[in-house]
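Thank you for making the time this morning. I would like to take you slowly through one structure, and I will ask you to keep it in view while I talk.

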Amino acid sequence: MNRGNERVVTSWYERLHSTSVQALYLHVPFCARKCSYCDFTSWATRRDDAVLGRYVDTLCVQLDEARELGLLTDCRTAYVGGGTPTLLGPQLLGTLINKVRAVTTSLAELTVEANPDSLSDEVIAALVHAGTTRLSIGVQSLNDEELKALGRLHDARTACERVRAAVASGLDVSLDLMCATPAQTAISWKTTLEKALDLGVGHVSVYPLQIEEGTPLEQALDDDEPAWNDPSVQAERMEQAEEALCRAGMERYEVASYARSGKSCLHNQAYWTGRPYLGLGTGASSLLTREAYEALRSSWTALPAPENDTTRLRLTVTSGPNEMAADVRLSALHAEVEFLNESQATAEDLMLGMRLSRGIGSGLLERAYRSIGTTRVNEALATCEKRGLIARQDDRFVPTHDGWLLGNELYGLLWGLAEESVHAIQV
């Protein structure tokens, strides 16, 4: 094996056996109002509700615990998502960001999600002062009719004003935009994209609206499949966005994300490259090595012992915000734990790696050959190639245009290499 391959193998070994996570996610499950299409773990909550302060206090205690367990030693990125973190206001949000900075010593990026209606000048100033580096703003549309149809609280004028204020603060700013939505047309979508590019942001994420089961939107449609959300319309809108954003100097580096040079989101890339991360807060998920899980289990003793062949563990917090506020300790949490063996973890990394435009490289392929088998891996890749979903590019396999638009088909073929279903336990 040459030296380059030795470095690749060492990198994967460290990633799979590290006692520290490389990314941290904090979930703030509070919103001023729940959108009709949203199935995230979040609740409509008043700004003056005492649960907000108690919840932040709990997260701060649990962050200290995680640091004491050595889980944050090598943490490089942090992300505060929701819900609507900016609903916390400048004082509580500043307290939380200051705590993140205190328990992590080597962060390269710290992102906070925001909604325009709660992104005041005071909140922006508090975020800058506390050491935030990025804002991800849920704009969704810059058309008032579309925003009203989505149930958003802001209008287009407010969104533009707040985004400009964030850009002027010096923070890196990303916009979230949504396509294939009620009232949207090709012309209105073009206008939203043009307006977004005029705001001076370095990053844009574009998502087709997913009609999720059990949401008010899904119930209102009464099993109808609206023409505005047809898969062909979703594909047309995504292609329209790619053309406009790339023409303006951005590059699509992930299935839904575009960035100017040097402005891609490091935290999100950790998710797609098999790097361990810790999630704290109601509904937050973690991806842990066996070693990191054992460190967590030394404090959170209700967690089950990993199975003999376990390589990776996924953990999702199921405790609600009031339950977390009542007992702040990690050991008081309830969660679902999933056990992944080596072949399942590798199949997962193959699947997630194909979300990135650069696809999967030789290091991951060599690992897949060892853990899953050369014949099976090559057969799956050949099937993906035959269907036009991937292409060879030097020593890599990258998603094609069809692989980008038909991601679920591509991801399913690669996840199929896992064979067995993942075992989960509730604690």
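What follows is a walk through two pairs of packed helices and then four single residues. Please bear in mind throughout that this is a predicted model.

Let me begin with the helix pairs, and with how such pairs are put into words. Two packed helices are described by the angle between their axes and by the distance between those axes.

The pair I would like you to find is made of helix 3, which covers residues 89–103, and helix 4, which covers residues 121–130; their axes lie 9 Å apart and meet at an angle of about 15 degrees. Since angles under 35 degrees count as roughly parallel, helix 3 is therefore roughly parallel to helix 4. The residues that bring this pair together are, on the side of helix 3, Gly89, Pro90, Leu93, Gly94, Ile97, Asn98 and Arg101, and on the side of helix 4, Glu122, Val123, Ala126, Leu127 and Ala130. Sorted by class, that contact between helix 3 and helix 4 holds seven nonpolar residues, three polar ones and two charged ones. As for the handedness, helix 3 and helix 4 cross in a right-handed way.

Now please move along the chain to helix 15, residues 374–386, and helix 17, residues 407–415, whose axes are 9 Å apart and whose packing angle is about 165 degrees. Which way do helix 15 and helix 17 run with respect to each other, roughly parallel or roughly antiparallel? Angles over 145 degrees count as roughly antiparallel, and so helix 15 and helix 17 are roughly antiparallel to each other. The crossing of helix 15 with helix 17 is right-handed. Here Leu381, Thr383 and Cys384 from helix 15 come up against Leu410, Leu413 and Leu414 from helix 17, and by class this contact has five nonpolar residues, one polar residue and no charged residues.

I turn now to the single residues, starting with two that have polar side-chain contacts. Gln269 sits in helix 10, which spans residues 266–272, and with a relative accessibility of 13% Gln269 counts as buried, because the cut-off for that word is under 20%. The side chain of Gln269 has a polar contact of 3.2 Å with the side chain of Ser264, and another, at 3.4 Å, with the side chain of Arg358. Setting aside residues within four places in sequence, the contacts of Gln269 are Tyr253, Ser264, Leu356 and Arg358.

Ser205, in turn, belongs to strand 8, residues 203–208, and is buried at 3% relative accessible area. What does the side chain of Ser205 make a polar contact with? The partner is the side chain of Ser257, at 3.4 Å. Beyond four places in sequence, Ser205 touches several residues, among them Ser174, Asp176 and Ala256.

The remaining two residues lie in helices. Leu59, in helix 2 (residues 50–68), is buried with a relative accessible area of 0%, and although Leu59 and Leu330 are 271 residues apart in sequence, their C-alpha atoms are 9.3 Å apart in space. The contacts of Leu59 outside its neighbours within four places include His27, Leu96 and Met324.

Ala166, which lies in helix 6 (residues 156–168), also counts as buried, at 0% relative accessibility. Ala166 and Arg396 are 230 residues apart in sequence and 38 Å apart, C-alpha to C-alpha. Among the residues in contact with Ala166, again leaving out neighbours within four places, are Leu119, Ile137 and Val173.

Notes
Residues are numbered from 1 along each chain as its sequence is written. This is a predicted model: local features need pLDDT of at least 70, side-chain atom pairs count only at pLDDT 80 or more; totals for chains, interfaces and linings use all residues. Side-chain values use heavy atoms; hydrogens and water are left out. Axes are lines fitted to C-alpha atoms, for helices over the stretch in contact, and angles run from 0 to 180 degrees between N-to-C directions. Helices (H or I, at least four residues) and strands (E, at least two) are DSSP runs, numbered from the N terminus. Angles under 35 degrees count as roughly parallel, over 145 as roughly antiparallel, 65 to 115 as roughly perpendicular and the rest as oblique. A crossing is left-handed if the near helix is turned anticlockwise from the far one by less than a right angle, and right-handed if clockwise. Contact means heavy atoms within 4.5 Å. Ala, Val, Leu, Ile, Met, Phe, Trp, Tyr, Cys and Pro count as nonpolar, Asp, Glu, Lys and Arg as charged, and the others, Gly among them, as polar. Buried means under 20% relative accessible area, exposed over 50%, partly exposed in between (1.4 Å probe, protein chains only). A polar contact is a pair of N or O atoms within 3.5 Å; within protein, one must be able to donate a hydrogen and the other to accept it, and residues adjacent in sequence count only if both atoms are side-chain atoms.
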